[in-house]
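The following exercises concern a ligand site. Each task is followed by a solution in steps.

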Amino acid sequence: MTLRKFQMLVNGAWIDAASGKTYESINPATGRVWSVLPDADEADADHAVRAADAAFRGPAWRGLTATTRGKLLRRLGDLIAEHASELAELETQDNGKLIRETRGQLAYLPEFFHYSAGLADKLEGSTLPIDKADMFAFTVPEPLGVVAAIIPWNSPLYLTAIKLAPALAAGNTLVIKPSEHASASILRFAALVAEAGFPAGVVNVVTGLGPSAGAALTKHPLVRRIAFTGGPSTARHVIKASAENFAKLSLELGGKSANIVFDDADLESAVNGAVAGIYAASGQSCVAGSRLLVQDGIYERFVAALTARMARIRIGDPLDPNSDMGPMATEQQLGIVESMVGRAREEGADVLAGGQRPAGHEGWYYEPTLLACTSEKLDVVQNEVFGPVAAIMRFNDDAEALALANGTEYALAAGIWTRDIGRAHRFARDIHAGIVWVNTYRAVSAMAPIGGFGASGYGREGGIHAVLDYTELKTVWVNLSEQPMGDPFVMR
Ligand code: NAP
C-alpha cells in the first residue's frame, strides 16, 4: 500500500515542518502505517500563531461584517455536507471509529456551522442604565484573538467543529492541533475552510506531538484562548501553560458517567441505553456511561438482557457498515484497557462478559466487557477506561443510587432510566454532572451545552454560551456633560 503524505496548513499555504521531520500514523483496524505527517515543533507553532494573529488584526478578516462571517460559516457547513462521505471515510481509516458513527457525525456536523452562522450577527452588547448623571455607557462583545484548539483522537472533526464554529462566529482566528493519531480528516476539512472563502491565516492546522507542538501552542504569548479536549493529566499541563500567557480556558475532559436503571424502567430501552452509553464508539467517548448502577429488583433481568444483547454486537472492520464495534484507536489505548480489566479482576471484579481481545482480528480490538463490582473503591469504578468496559453495581434505594452516582471526582454526564417523572427530576437536580439524560443517552445538539465539573473540566461547548465564551465584554463610557472635568483625585 502506498503511504499517504499530508502537509499542514499555515497562512493559506500547505507546508512541511520547518525541520523537515515527519511522523507515521497507523490504521488501527490493521495495525499498519498508512500515512506520514509533518512533525511540527516550537518554530512551526510560532509561525502558525503569528499568522493567526496577523489575520486577526488584518483587514481581510477584521474588516468583514459579522453578517459576512456568518455567510462564510454557512458556506463551510454546506461544503462539509457535500464532502461528508469522503471526510467520514478518512476519519474512520485514521482513528478506527465505526463508519456508521463517523457518517452520522458528519451528517450532523453542518448544523454546528449553520447554528453559529446565525449567531454571528446577533452578539449584542447593551446600553447600561448607569447611575451617573451625564454619563452614557454601553458594552460591546469583542473577539479575543488567536484561539489554540487542542483536539483528541476520538472524534476529531466533531470536536473541532464544536470549537471552531463559535470561535469564528465571534471573530477570532485559530490554530488547530489535532492528535498525532488522528489528523487526516482535520487537514482535509482545513482545505474546505479555504474553499469556503475564509482569508488566509484565519484557520491554521499544525500537526505534531502533544508535548512539542501542543505545548508550544498553549504557552505562546500571542494565544488568547485555549479550547482543550483531552484527558485530565494533559489538562494540568495546559492550565500551567496558560499561566504564561493568561489565555482564557475551556477544558472538556473525561468522565466516569453513571447510567442509572431503576426497577420501573423500560427494560429494553434501558439495555439499549446501556449499550449506547458504553459500547458505541468502543467506549472511546468522553460521555461514556461506564458505570451502570442497577436497582436490586431489576438487576438479574437487566444483566441477562444486557449480556444477551452484548453477544450480538458485531466486532469488525470499522469501514464495514455492518460492524457495531471497531478497534481501539491506538495500541497504547488497547494496553490501558487490558491493564485496567486485569487490575479489576485482581481487585475482585467478576467478569460477566468479554474481558479479552477477540480472536481472529489483527487490529487493536477488544471485546465488549461487563464487570460486576461490589465496591465503589475499585479502580475501574473510579477511573476512566476509555474503552468498551462497563462496571456494573447494584443499589437498593434512591439515596444509595445518588451516593454512588456522585461518588467519583468526575462529573460530566449521567443517564436515568425510570418511568417516575418526579424521581427523574429529583435526580436531574441532585446529580453532580454537566449533562443529564432521562430515558435516553448520548443525545447531542449544536444548541445544547456540553461540559462538566471537577475532573471533567470547566467551560461549555455548544449553545449560545459557547459563542459568548469566545468573546470578552468591552465597556465604553461617554461623558455627555458640557462642563469641564472637575477634581481628578476622586472617582467619577
Ligand atoms: P490527551 O492525551 O489528553 O490528548 C488530547 C490532545 O492534547 C491531543 O491533541 C494531544 O496531542 C494533546 N497534548 C498532549 N500533551 C500535550 C501538552 N503537553 N500540551 C498541549 N497539548 C498536549 O487525550 P486523548 O488520549 O487524545 O483523548 C482521550 C481523553 O479525552 C479522554 O480522557 C477523554 O475522556 C477525553 N475527551 C473528552 C471529551 C469531552 O468533550 N469532555 C471529548 C472527547 C475526549 P497528541 O495526541 O499528539 O499527544
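**Exercise 1: The ligand shell**

Identify the residues that come nearest to the ligand. Of the 29 residues around the ligand (a heavy atom within 4 Å of it), the nearest are Ile-151, Glu-180, Thr-234, Leu-253 and Glu-384. The model is predicted: local features need pLDDT of at least 70, side-chain atom pairs count only at pLDDT 80 or more, and totals for chains, interfaces and linings use all residues. Residues are numbered from 1 along each chain as its sequence is written, and side-chain values use heavy atoms, with hydrogens and water left out.

Next, how do the shell residues divide by character? There are 14 nonpolar, 11 polar (Gly counts as polar) and four charged residues.

**Exercise 2: Backbone contacts and cover**

Locate the polar backbone atoms that contact the ligand (N or O pairs within 3.5 Å).

1. A polar backbone atom of Gly-210 lies 3.3 Å from a ligand oxygen.
2. For Glu-252, a backbone N or O atom is 3.5 Å from a ligand nitrogen.
3. For Leu-253, a polar backbone atom is 2.5 Å from a nitrogen atom of the ligand.
4. The protein covers 88% of the 900 Å² of accessible area (Shrake-Rupley, 1.4 Å probe) that the ligand has on its own.

Technical notes: A polar contact is a pair of N or O atoms within 3.5 Å; within protein, one must be able to donate a hydrogen and the other to accept it, and residues adjacent in sequence count only if both atoms are side-chain atoms.
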